[in-house]
Amino acid sequence: MASSAKLEVSSSQPPRAVSSKKLHYPFWFGGSASCFAATVTHPLDLVKVRLQTRAPGAPTSMVGTFGYILKNDGFFGLYGGLSAALLRQITYSTTRFGIYEELKSQFTSSSSPPGTLTLIAMASTSGFIGGIAGNPADVLNVRMQSDAALPIEKRRNYKHAFHGLVQMTRDEGAASLFRGVWPNSTRAVLMTTSQLATYDTFKRICIDKAGMSDNLTTHFTASFMAGFVATTACSPVDVIKTRVMSASSAESSGHSLLGLLKDITRKEGLKWVFRGWVPSFIRLGPHTIATFLFLEEHKKIYRKLKGVPEDAPKR
């Protein structure tokens, strides 16, 4: 009887060892998922930038801006600056997602998931570093998307992201690559916190409180809510970041960030805070949803390749 009990205990240990295993996902998963999402939502991002930097007489609505771009630049005009957008995701999103996941892996355990404040701290740290890493590509992204809306004599005509990097460094110096780095890093902190930390929080609420399963419906619900929070939190900083990055050295010289805020408020009132909110949400909502859906699929495929059962702890 005793030997039978020992045998029963020992035979039950391997499954527990497997189920307690904590899988470590590759660092680049977040950047890869973001690249897929950016390819899908790029036209919406371009329209948002055009609205935030529009010249007098330009369309004031999202639909009007879409029509204007299609009429003047054709269908592929909606994908202007796509190379810079992908370079931005490769640098910015890979860094912020990667560091966030690494911090979660190092400082939390499956038996004790991190609280909301801990997630916010992790997301803020990774977002700040990601904002600095992705700033050069972000400047290019804004410039290439807004270029076609400028008068012909003011257009930069970057052929692609790497041509833009060389041209910008040659014409304006290496410092131009980090134009707007502080508002951009601030936005990155807000974005990463309101996306990653809120996604994890909403996902936990859906599973633990609402009794939902860890499936596509839960991922969609949590990412949709995270996209709404991210759009609202980031809107004011997003407008400032776009204005600073789209300006040339001559236009931005002598203007501090505080001076720019005063100037915009004097000319446009406080409504500038949420300028482009609707196209931002229409772009950021699907982008957030697509990013997390692609990310969850990355993880699902990776678990299958590693032979990890679906009921094993996930992070």
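Let's start with helix α6, which runs over residues 161-172, has twelve residues and reaches 16 Å from its first C-alpha to its last. That is close to the 16 Å expected at 1.5 Å a residue. Keep in mind that this is a predicted model. After the helix, we will look at empty space inside the protein.

**The two sides of helix α6**

- Which residues of α6 are buried? They are Ala161, Gly164 and Met168.
- These buried residues cover an arc of only 50 degrees around the axis, so they sit on the same side of α6.
- On the other side of α6 you will find Phe162 and Arg170, which are exposed.

**Neighbours of helix α6**

- The buried residues of α6 pack against two other helices, α4 and α5 (116-146).
- Just after α6 comes glycine 173, which takes a positive phi of about 90 degrees.

**Cavities**

- The model has five cavities of 30 Å³ or more.
- The largest cavity holds about 80 Å³ of space.
- Twelve residues line this largest cavity, and the closest to its centre are Tyr25, Pro26, Phe27, Phe97 and Glu101.

**What lines the largest cavity**

- Which elements give two or more residues to this lining? They are α2 (29-52), α4 (82-107) and α11 (277-306).
- Helix α4, which you met above as a packing partner of α6, gives the most to the lining, with four residues.
- Sorted by class, the lining has six nonpolar, two polar and four charged residues.

Conventions. Residues are numbered from 1 along each chain as its sequence is written. This is a predicted model: local features need pLDDT of at least 70, side-chain atom pairs count only at pLDDT 80 or more; totals for chains, interfaces and linings use all residues. Side-chain values use heavy atoms; hydrogens and water are left out. On a 1 Å grid over the protein atoms alone, a cavity is a set of points where a 1.4 Å probe fits but cannot get out, and a pocket is an open set with protein on both sides within 12 Å along at least five of seven lines; lining residues have an atom within 4 Å of a point. Grid points are joined across faces, edges and corners, and a volume is the space filled by probe spheres set on the points. Ala, Val, Leu, Ile, Met, Phe, Trp, Tyr, Cys and Pro count as nonpolar, Asp, Glu, Lys and Arg as charged, and the others, Gly among them, as polar. The expected span of a helix is 1.5 Å times one less than its number of residues. Buried means under 20% relative accessible area, exposed over 50%, partly exposed in between (1.4 Å probe, protein chains only). The arc is that of the directions from the helix axis to the C-beta atoms. Contact means heavy atoms within 4.5 Å.
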